[in-house]
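Student: I am new to this structure and would like a close look at a single part of it. Please choose one helix, show me which way its residues face, and then follow its surroundings step by step.

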Amino acid sequence: MVSPSIEALWAERPFIALLLRALHVPDRDREDLLQTVLLGAWEAIRARRYRPDPRRHPRHALRAWLHGIAWRQVSHYNESAYVRRVVLRGAPLALDGQAHIEIEGELFARAALREVAALAVGHREVLLAAAGPLSVVAWARARGMNPNSAASRLRRARRALAERLASPTRLPFGEGAVR
């Protein structure tokens with residue numbers, strides 16, 4: 001019985017890569033798993049655990065054996081906590097030409113928008129007007145309102161929103177967040 005050389009094992013990389021693809025290993029992990037299969041196979045060969053059927057063609061026997069190793073490694077990979085429960089940490093990759101998405105800021109912005117939506121209609125209206133393209137004075141004049149009254153309404157609306165946002169039970173996460 002002749003054991004395959006490291007070169008013969010290395011020559012089977014494209015075959016193993018196709019196997020891993022057929023076994024639905026994601027692109028991001030395929031190269032790592034390929035290395036794991038090759039390393040496991042080489043360690044088994046060195047420990048004399050490779051015993052092919054002498055009636056089979058050597059390359060067919062090697063490929064069948066590598067198929068078994070790949071299948072078992074993919075099975076272990078699929079059962080790992082990394083694959084079963086992926087938890088996103090940090091900002092996801094941005095598309096070309098776009099800024100990275102800040103998840104924490106997005107969560108706070110959504111919470112703030114929910115609080116704005118929960119305000120009285122008058123408060124919502126003046127806050128959205130202040131955030132719009134027109135000045136508060138132009139917005140007030142377009143409605144036939146005294147600009148000083150609009151400024152007072154804006155101050156009250158901002159105070160109401162600040163009180164809602166200051167409540168620790170309204171944080172989307174972190175200290176004081178409702179879970």
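Tutor: What follows begins with the whole chain and then turns to one helix and its surroundings.

The model is predicted, and therefore local features need pLDDT of at least 70 and side-chain atom pairs count only at pLDDT 80 or more, while totals for chains, interfaces and linings use all residues. Residues are numbered from 1 along each chain as its sequence is written, and side-chain values use heavy atoms, with hydrogens and water left out.

The protein has nine helices and zero strands, where a helix is a DSSP run of H or I with at least four residues, a strand is a run of E with at least two, and both are numbered from the N terminus. Of the 179 residues in the protein, 25% are buried; buried means under 20% relative accessible area, exposed means over 50%, and partly exposed lies in between, with a 1.4 Å probe and protein chains only. Among the contacts with a separation of 6 or more, 59% join residues 24 or more positions apart, a contact being heavy atoms within 4.5 Å.

The part to look at closely is helix H2, which covers residues 13-22 and in which Phe15, Ile16, Leu19 and Leu20 are buried. These buried residues line one face of H2, because seen down its axis they fall within an arc of 135°, the arc being that of the directions from the helix axis to the C-beta atoms. A general rule helps here: an α-helix has 3.6 residues a turn, so residues three or four places apart point the same way. The other side of H2 carries the exposed residues Pro14, Leu18, Arg21 and Ala22.

At the beginning of H2, the charged end of Arg13 sits over the ring of Trp10, 4.5 Å from the ring's centre; a charge counts as sitting over a ring if NZ of Lys or CZ of Arg is within 6 Å of the ring centre and within 35 degrees of the ring normal. Beyond the other end, H2 is followed by His24, whose phi is positive, near 65°, although His24 is not a glycine. His24 belongs to the loop between H2 and H3, and its relative accessible area of 69% makes it exposed.

What lies over the buried face? The cover of the buried residues of H2 includes H3 and H4. One place to see H2 and H4 come together is Arg63, which is in helix H4 and counts as partly exposed because its relative accessibility is 29%. Once its neighbours within four places in sequence are left aside, Arg63 is in contact with Glu12 and Phe15. Arg63 and Phe15 are 48 residues apart in sequence, yet their C-alpha atoms are 7.9 Å apart in space.

H4 itself has 22 residues, which should span 32 Å at 1.5 Å a residue, and its end C-alpha atoms are indeed 32 Å apart; the expected span is 1.5 Å times one less than the number of residues. Its buried residues include Leu62, Trp65, Leu66 and Ile69. Trp65 counts as buried because its relative accessibility is 19%.

Trp65 also leads to the loop before H4, for a search of the whole structure finds one aromatic pair. This pair is formed by Tyr50 and Trp65 and is tilted, at 4.5 Å centre to centre with 55° between the planes. Rings of Phe, Tyr and Trp (its six-membered ring) pair if their centres lie within 6.5 Å, with planes under 30 degrees apart counted as stacked, over 60 as edge-to-face and the rest as tilted. The pair links distant parts of the chain, since Tyr50 is in the loop between helix H3 (27-46) and helix H4 (58-79), 15 residues from Trp65.

Tyr50 is buried, at 4% relative accessibility. The loop between H3 and H4 also holds Arg48, which is exposed at 66% relative accessibility and has a positive phi of about 60° although it is not a glycine.

To return to the chosen helix, Phe15, Ile16, Leu19 and Leu20 are its buried residues, and H3 and H4 are among the elements that cover them.
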